[in-house]
Amino acid sequence: MNSYLKIDHVGITFPTDNGPLEVLKSVNLDIEQGEFVSLIGHSGCGKSTVLNIVAGLLQASTGGVILEEKEVDEPGPDRAVIFQNHSLMPWLSVYDNVRLAVDQVFKRSKSKAERDEWTRHNLELVHMSHALDRKPDEISGGMKQRVGIARALAMEPKVLLMDEPFGALDSLTRTHMQDSLMEIQTELNNTVIMITHDVDEAVLLSDRIVMMTNGPSATVGEILEIDLPRPRDRLALAENPQYNHYRAEVVRFLHERHEQPARVDVKPEETVTEEPLQKVKVAAKPESLRLVS
Amino acid sequence: METAVVERKVFDIDWYHRLLALMEGDDLNKRVTQLIHSLIVPIAAIGIFLMLWGAGAKNVETSLGVLPGPAKVWEQTVTLYGEHNAEKDKETAFYERMQAKAEKAREAGKPQAKIDKYLNRKYVGTATFVDQIGTSLLTVMSGFILASLIAIPIGIIVGMSNTLYQAFNPIIQIFKPVSPLAWLPLVTIVVSAVYVSEDPMFEKSFLNSALVVTLCCLWPTIVNTAVGVSGVSKDLINVSRVLKLSWLTKTMKIVLPSSVPMIFTGLRLSLGIGWMVLIAAEMLAQNPGLGKFVWDEFQNGSSNSLARIMVAVLAIGFIGFMLDRGMLMLQKNFSWDKSAVLR
């Protein structure tokens, strides 16, 4: 009952031109301190909306979020967000980007020297000490995301919220970043909610994977416990039957719950007779059409 | 792919690119190429322009004689500069004379008031071309700075609030296209009614010109600042919300720096407009400055007038260009967005 972070019957409805649209319906999730939870689901199912509600950037229409027995109703540094596109200030150096957050959060509790120390410490943690004076435009995408992570960690958040943090990176950089994140997680043991599209990433990093049904009215479909020993090594896990089983579970869920398929395979020999009133839109590239006499 | 390559070859055969391609060998040659691009090409273009001007002007007969060519204009430039120096010499001589008179009065034991009269006597000469340039520059900068001080804060406020944007937008849109010449009578009458003082700090004519410049400089800066402010990335705003930045901190640390490139775009447009407006206002109102110089020469109608007006036209163009370059340099130094194309 008294879990660290409780997402309690959260629902959200947005007004649209075609009437109200219920994006989330009765999302329930209990997260323990130090737990790493991934949210996975198809595009547009409302994963980011869940994260934004926890962050306080959006207000739930029904239900609510309770963090350490207190209701969340506005954004705050105790729920740091790492955005997909890093969101660094382009006019500030790497150091100043993190320092801005440090200055704001520890205005009163830390002295100037301590804040400088803390900024450098967090950049050290993500291996960015060599580029303190560079501007975001002068570093690679992976490095930018490292700085984004350092900024979030520097806020000493109760919960770290990551919105597809590595989605915009190439796969090699992404593996590096995942390893770095695991390393940091071993050290700090943060409570994390991460949104991802990547099944491997979810299984590798998470303690639990929350699989969401498709929207509208999306909710939690299944929750999968990932009972793999830490520290995890991606190469060793590739051969691990348990790992592959988890992977398969997630893939199966995503495939089966694919209630609104983006692609329809229409085979000419099949005649669609059942449900004659259902409208189906079929699109085909002209070059893949062939006229046969 | 194949066709694309063939096409390039066909289109690349003009001599200029061939010459450049020949030169592109090593680093030194690359620099030579750059030099050609940045120096020789513009100089050649200016040369061709002067030739065409010289050849064309000869054929235009006016009431004040033949339209002057580049040589005549250059001659007048030198003359105008000479007149300026002569005037300055006269001025120095005048003050030296007054100084001498004061000395003499002191030696003769005249009262202090008498001595001060000599020392405080101001030289009243005619404003030379160079003086007019100085007056115009001072006026445009005053008007522009005043406009910027008003427009940037308004732009920020309008850009941050949708309601205020809706409120201000019609006003801005209506005043933006108003010609400076329409403002001028209003400003002149209002200034002469409101600005009444025994010992005025500024000349009324200076105020009139500067205020007309201000009125025309406001709009581009307001519009661009508002666009810059309202276009701050949503993610950065979310960062400021997560950090719980206060309104002031958010404005100073995120909104303002983020819109600096747009603000500079507005300022550059404003200064360009301000300079054009000023010349027109000076001409119409007979306020001191380059515009008055042009108007006086036009009224004068001597055989040199056309050449002197052309000197003024070129000077106006050159100063406008330098003002724009100055703003560009400021922009390069202050703007974080180095990727923006600065032209």
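Why does A:Val94 count as buried? In this predicted model, A:Val94 has 27 C-beta neighbours inside 10 Å, and 20 or more are enough for a residue to be called buried, so A:Val94 falls in that class. A:Val94 belongs to helix α2 (residues 94-105) of chain A. Apart from residues up to four places away in sequence, A:Val94 touches A:Leu123, A:Met128, A:Ala131, A:Leu132, A:Arg134 and A:Val147. A further relation links A:Val94 to A:Arg146: the two are 52 residues apart along the chain, yet 10.0 Å separates their C-alpha atoms.

Chain A also offers a sheet to look at. Its four strands follow the order β2-β1-β4-β5 in an open, antiparallel arrangement. The edges are taken by β2 (19-31) and β5 (70-71) of chain A, each with a single partner strand, so one side of each has no neighbour in the sheet. Strand β4 (residues 62-67) of chain A is joined to β5(A) by two bridges, with the two strands running antiparallel. A:Ile66 finds its bridge partner in β5(A) at A:Glu71.

Buried nonpolar residues come next. The largest nonpolar core of the model holds 130 residues. Those with the most contacts inside this core are A:Val54, A:Ala150, A:Leu161, A:Ile193, B:Val212 and B:Val213. Helix α9 (residues 204-230) of chain B supplies the largest share of the core, with 15 residues. In soluble globular proteins, nonpolar side chains tend to be buried together. With neighbours within four places in sequence left aside, the contacts of B:Val213 are B:Thr139, B:Val140, B:Gly143, B:Phe144, B:Gly274, B:Val277 and B:Leu278.

Chain B is assigned three domains: domain 1 (2-57), domain 2 (65-120) and domain 3 (129-334). Between domain 1 and domain 2 of chain B, four residues of the former are in contact with five of the latter. On the domain 1 side of chain B, the residues touching domain 2 comprise three nonpolar and one polar, with no charged residue among them.

How far the model can be trusted varies along chain B. The mean pLDDT of this chain is 84, with 90% of its residues at 70 or more. Confidence is highest in helix α6 (residues 129-160) of chain B, at a mean of 92, and lowest in helix α1 (residues 2-11) of chain B, at 44. Over residues 1-12 of chain B, pLDDT stays under 50, and the model has one contact beyond four places in sequence for this stretch. For the model as a whole, the scores are ipTM 0.78 and pTM 0.75.

Conventions
Residues numbered from 1 in each chain as written. Chains lettered and ligands numbered in written order. Predicted model: local features only at pLDDT ≥ 70, side-chain atom pairs only at ≥ 80, totals over all residues. pLDDT = per-residue confidence, 0-100. Contact = placed C-beta atoms within 7 Å. Core = buried A, V, L, I, M, F, W, Y, C linked by C-beta atoms within 7 Å. Buried ≥ 20, exposed ≤ 12 C-beta atoms within 10 Å, placed from the backbone. Pairing = 2+ DSSP bridges. Domains from an automatic or database assignment. Nonpolar A, V, L, I, M, F, W, Y, C, P; charged D, E, K, R; others polar.
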